[in-house]
Amino acid sequence: MTVSSSPWALMALFLMVSSTMVMAIPPRKAIDVPFGRNYVPTWAFDHQKQFNGGSELQLILDKNTGTGFQSKGSYLFGHFSMHIKLPAGDTAGVVTAFYLSSTNNEHDEIDFEFLGNRTGQPAILQTNVFTGGKGNREQRIYLWFDPSQAYHTYSILWNMYQIVFFVDNIPIRTFKNAKDLGVRFPFNQPMKLYSSLWNADDWATRGGLEKTNWANAPFIASYKGFYIDGCQASVEAKYCATQGRMWWDQNEFRDLDAEQWRRLKWVRMKWTIYNYCTDRTRFPVMPAECKRDRDA
């Protein structure tokens with residue numbers, strides 16, 4: 001795929017055209033709250049800094065260690081959103097992750113992973129979905145903006161019918177419930193939210209060929225928002241007590257509408273650089289969920 005030399009101009013044109021159409025119904029507007037409302041640090045506390053009364057957080061990676069945080073609660077379904085500004089400059093080998101995950105062996109997981117790159121190369125966002133301990137559902141896109149220059153919003157909508165990944169309210173991926181096709185779907189394992197900044201130069205950039213240049217450290221990822229609107233549950237829970245009654249369970253959130261599908265198609269055609277659904281070397285037979293997700 002050829003990446004445009006002016007992705008911001010393309011994006012402006014795309015938004016201008018779409019403004020003349022009926023807009024999709026996005027998830028409920030996220031409300032920014034302080035870090036401590038929903039999250040706690042989990043490791044390398046001295047590599048985290050809070051600002052403005054906890055409304056902003058920085059994670060710091062140096063040659064000694066990365067760092068991370070997690071949600072206080074565990075959740076079955078909901079809408080989860082974070083404003084993130086990625087590390088700037090030459091970030092080859094550096095990974096910034098924002099994801100949901102359960103804790104048992106056959107775990108479920110819903111991932112945003114931002115893969116660092118050499119200066120001047122476009123940023124890569126990898127998404128993945130694990131169900132029952134099985135992953136290998138990677139998709140990668142180039143972002144149409146520089147994610148290190150300003151905050152952008154990364155969100156996950158998760159209900160019984162679908163998982164949708166959003167970037168600035170634009171759907172970039174959907175994973176439909178295909179249980180009837182023999183594909184497991186996350187529905188009975190509460191998950192916590194996690195974020196981490198860490199060195200992954202054994203695989204993150206060009207399959208590990210590009211190593212982290214520690215002369216550019218420290219690497220800093222910044223966060224705001226810290227929004228969670230989910231059904232909180234104990235880790236042993238198998239269902240959500242409010243299932244069917246929350247806004248994300250309603251009909252308009254059981255599928256993307258026509259405008260959202262159009263935006264997703266734009267992402268797939270213009271910015272997608274890898275999709276496991278079309279990788280016949282790894283998957284000679286197309287995975288069953290791909291047709292339902294319209295990835296085929």
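This passage describes a strand, a histidine and a cavity in a predicted model.

Strand 4 spans residues 67-71. Five of its five residues are buried, so the strand counts as mostly covered. Two strands pair with strand 4. Strand 1, residues 39-43, does so in the antiparallel sense, over four bridges. In this pairing, W43 stands opposite G68 of strand 4. Strand 13, residues 192-199, also runs antiparallel to strand 4, and four bridges join them. Here Q70 of strand 4 stands opposite Y194 of strand 13. In a regular strand, side chains alternate between the two faces of the sheet.

H83 belongs to strand 5, which covers residues 74-85. The relative accessible area of H83 is 16%. The cut-off for a buried residue is under 20%, so H83 is classed as buried. The side chain of H83 makes a polar contact of 3.0 Å with the side chain of D32. Leaving aside residues up to four places away in sequence, H83 touches D32, Y151, H152, T153, S222, Y223, K224 and G225. D32 thus appears both as a polar partner and in the list of contacts.

The model was also searched for enclosed space. One cavity of 30 Å³ or more was counted. The largest cavity has a volume of about 40 Å³. Its lining comprises 10 residues, and those closest to the centre are L157, F253, D255, L256 and Q260. By class, six lining residues are nonpolar, two are polar and two are charged.

Notes:
Residues are numbered from 1 along each chain as its sequence is written. This is a predicted model: local features need pLDDT of at least 70, side-chain atom pairs count only at pLDDT 80 or more; totals for chains, interfaces and linings use all residues. Side-chain values use heavy atoms; hydrogens and water are left out. Buried means under 20% relative accessible area, exposed over 50%, partly exposed in between (1.4 Å probe, protein chains only). Two strands pair if DSSP finds at least two bridges between them. On a 1 Å grid over the protein atoms alone, a cavity is a set of points where a 1.4 Å probe fits but cannot get out, and a pocket is an open set with protein on both sides within 12 Å along at least five of seven lines; lining residues have an atom within 4 Å of a point. Grid points are joined across faces, edges and corners, and a volume is the space filled by probe spheres set on the points. Ala, Val, Leu, Ile, Met, Phe, Trp, Tyr, Cys and Pro count as nonpolar, Asp, Glu, Lys and Arg as charged, and the others, Gly among them, as polar. A polar contact is a pair of N or O atoms within 3.5 Å; within protein, one must be able to donate a hydrogen and the other to accept it, and residues adjacent in sequence count only if both atoms are side-chain atoms. Contact means heavy atoms within 4.5 Å.
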